[in-house]
Amino acid sequence: MMNTENSVKDGNIMKISQLPSRTWYWLGMNYAKVPEDSFRLTKEGKIGLEIPEDVDYQAAKPDGAGLSGVKTGVGEDLTRLVEAAGVPVHKISLAEGVKQDTPVRINIGYEDGAEDANVVEIEAAENSSVYVSMSIHSAPESSGHAAVQIRYDAKENAKITLVQILRNGDDMSVMDDIGGNLADGADFHLIQVVLSGRQTFLGHYAGLSGKGSSMETDLGYQVKDSDMLDINYIADHTGRKTNCTINADGVLSGSAHKLFRGTIDFKKGCAGAKGFEQENVLLLDETVENKTIPVILCAEEDVEGDHGASIGKLDDETMFYLGSRGIPEDEIYKMMARARIEAVSAKIEDEALRDDVRAYLDGQEGNSYEQ
């Protein structure tokens with residue numbers, strides 16, 4: 001397993017998924033440390049795209065133009081590795097006023113031994129909207145490491161919806177890194193479902209600079225065996241009357257590890273801003289390790305912020321009610337765990353991607369986006 005904050009002392013180390021404001025070092029939650037020599041990126045991952053007619057698309061050279069300077073949740077050390085890999089930048093653009101309901105579909109598949117990187121940029125002009133569905137996957141027995149970086153720019157009153165399903169192999173390590181900027185009245189909705197993978201890093205930085213801009217995140221995850229999930233979400237409020245909502249709902253079993261960082265940062269000048277974050281974690285075994293750190297930073301007086309977490313096993317009343325109806329205890333936990341994932345996947349409008357989640361939960365691999 002890759003090393004966390006306190007466990008790496010030597011070597012060339014990346015510091016990723018950093019909290020904007022540090023907490024106690026001994027908690028090991030300020031950032032993750034990853035040895036660079038264990039996370040090489042040498043080529044582009046296999047990618048397939050379905051682009052609707054009204055959407056502009058081009059594969060550009062990684063020349064440092066476009067949105068290359070946008071902040072992301074995993075951070076600068078990963079960006080440096082991705083840029084060094086020299087992979088193409090897949091640019092998706094919408095003209096002013098274009099409302100695209102047919103999904104842009106992106107399929108990223110990893111082979112065994114992957115050292116893959118992929119970069120996608122989404123630019124939505126004024127009063128436009130786009131729905132992007134993304135499947136990130138590898139075979140159950142696969143090993144390797146990979147990174148996906150998504151950069152976005154939503155102009156005035158634009159709306160971007162990004163859906164990601166991650167189902168990766170028993171020895172795959174994947175970094176899923178997102179970041180972007182939101183102008184006046186712009187909206188970004190992120191839906192993520194993590195189904196499998198040895199190590200998964202999720203990062204999202206949302207720059208809420210425009211007046212009345214908003215960001216919503218819905219995350220559903222299951223982490224089992226000795227797998228690890230590391231999450232770093234940052235809502236950076238600089239515009240007036242901005243809004244963010246971060247909801248995470250997950251299940252841990254076996255000896256799984258999970259760390260959730262969720263930061264709502266109210267900067268000076270964001271008067272009237274509102275932020276809310278909530279994580280609900282169901283613990284199926286005594287051997288899991290869960291760390292949750294919801295953070296609110298405040299440099300502005302006229303704001304509203306709320307955060308919370310619900311962590312634990314099913315309550316005795318629920319267990320008694322279901323048990324009295326003849327449902328065995330292990331089946332109760334499986335049923336409740338599935339319900340949490342399905343509650344998030346129900347928000348996915350792309351039926352093909354939603355079917356992939358259902359197929360996986362039914363013990364199949366799901367192949368809607370396979371090439």
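Where do R338 and E342 lie, and how many residues apart are they? Both are in helix α3, which spans residues 329–345, and they are four residues apart, or about one turn of the helix. This is a predicted model, so let's read it as one and start with the charges.

The side chains of R338 and E342 meet in a salt bridge, with N and O 2.8 Å apart. R338 counts as partly exposed at 24% relative accessibility, and E342 is partly exposed too, at 31%. Elsewhere, salt bridges that share partners join E36, D77 and R80 into one network.

Zoom out, and a search of the whole structure turns up 19 salt bridges. In general, side chains of opposite charge can pair when their charged atoms come close. Have a look at D116 and K43, whose side chains meet with an N to O distance of 2.5 Å. D116 sits in strand β8 and K43 in strand β3 (residues 43–44), so this salt bridge ties together parts that are 73 residues apart in sequence. What about burial? D116 counts as buried, because its relative accessibility is 2%, under the 20% cut-off. K43, on the other hand, is partly exposed, with a relative accessible area of 41%.

Strand β8 also holds one end of another salt bridge, the one between E121 and R151, where the closest N and O atoms are 2.9 Å apart. Here the link runs from E121 in β8 to R151 in strand β10, 30 residues apart. Are these two partners buried or exposed? E121 is buried, with a relative accessible area of 1%, and R151 is buried as well, at 4%.

Those two strands come up again around helix α1, residues 76–85. The buried residues of α1 are D77, L78, T79, L81, V82 and A85. The cover over them includes β1 (13–16), β8 (114–124), β10 (143–154) and β12. D77, one of those buried residues, is also part of the salt-bridge network with E36 and R80. Right after the helix comes G86, with a positive phi near 65°.

Strand β12, residues 171–182, leads us out to the surface. D171 is found in this strand and is partly exposed, with a relative accessible area of 45%. It gathers with E111, D112, E141, D170 and D225 in a surface patch of negative charge. Patch members must have over 30% relative accessible area and no salt bridge, so D171 at 45% clears the area cut-off.

Now follow D225, another member of that patch, to the loop between β15 (214–223) and β16 (228–237). Its backbone deserves a look: phi is near 50°, a positive value in a residue other than glycine. K241 does something along those lines, with a positive phi of about 55° although it is not a glycine. K241 is found in the loop between β16 and β17 (243–252), and is partly exposed, with a relative accessible area of 45%.

One more loop to visit: which elements flank G97? They are β6 (89–94) and β7 (104–110). G97 is partly exposed, with a relative accessible area of 40%. Leaving out residues up to four places away in sequence, G97 touches E126, N127 and S128. For a sense of distance, take G97 and S226: they are 129 residues apart in sequence and 47 Å apart in space, C-alpha to C-alpha.

Note on methods: Residues are numbered from 1 along each chain as its sequence is written. This is a predicted model: local features need pLDDT of at least 70, side-chain atom pairs count only at pLDDT 80 or more; totals for chains, interfaces and linings use all residues. Side-chain values use heavy atoms; hydrogens and water are left out. Patches are made of residues with over 30% relative accessible area and no salt bridge: like charges are joined within 9 Å, nonpolar side chains (Val, Leu, Ile, Met, Phe, Trp, Tyr) within 5 Å. Accessible areas come from the Shrake-Rupley method with a 1.4 Å probe; for residues, only the protein chains shown count as cover. A salt bridge is a side-chain nitrogen of Lys or Arg within 4 Å of a carboxyl oxygen of Asp or Glu. Lys and Arg count as positive and Asp and Glu as negative; His and the chain ends are not counted. The place of a charge is taken as NZ of Lys, CZ of Arg, CG of Asp or CD of Glu. Buried means under 20% relative accessible area, exposed over 50%, partly exposed in between (1.4 Å probe, protein chains only). Contact means heavy atoms within 4.5 Å.
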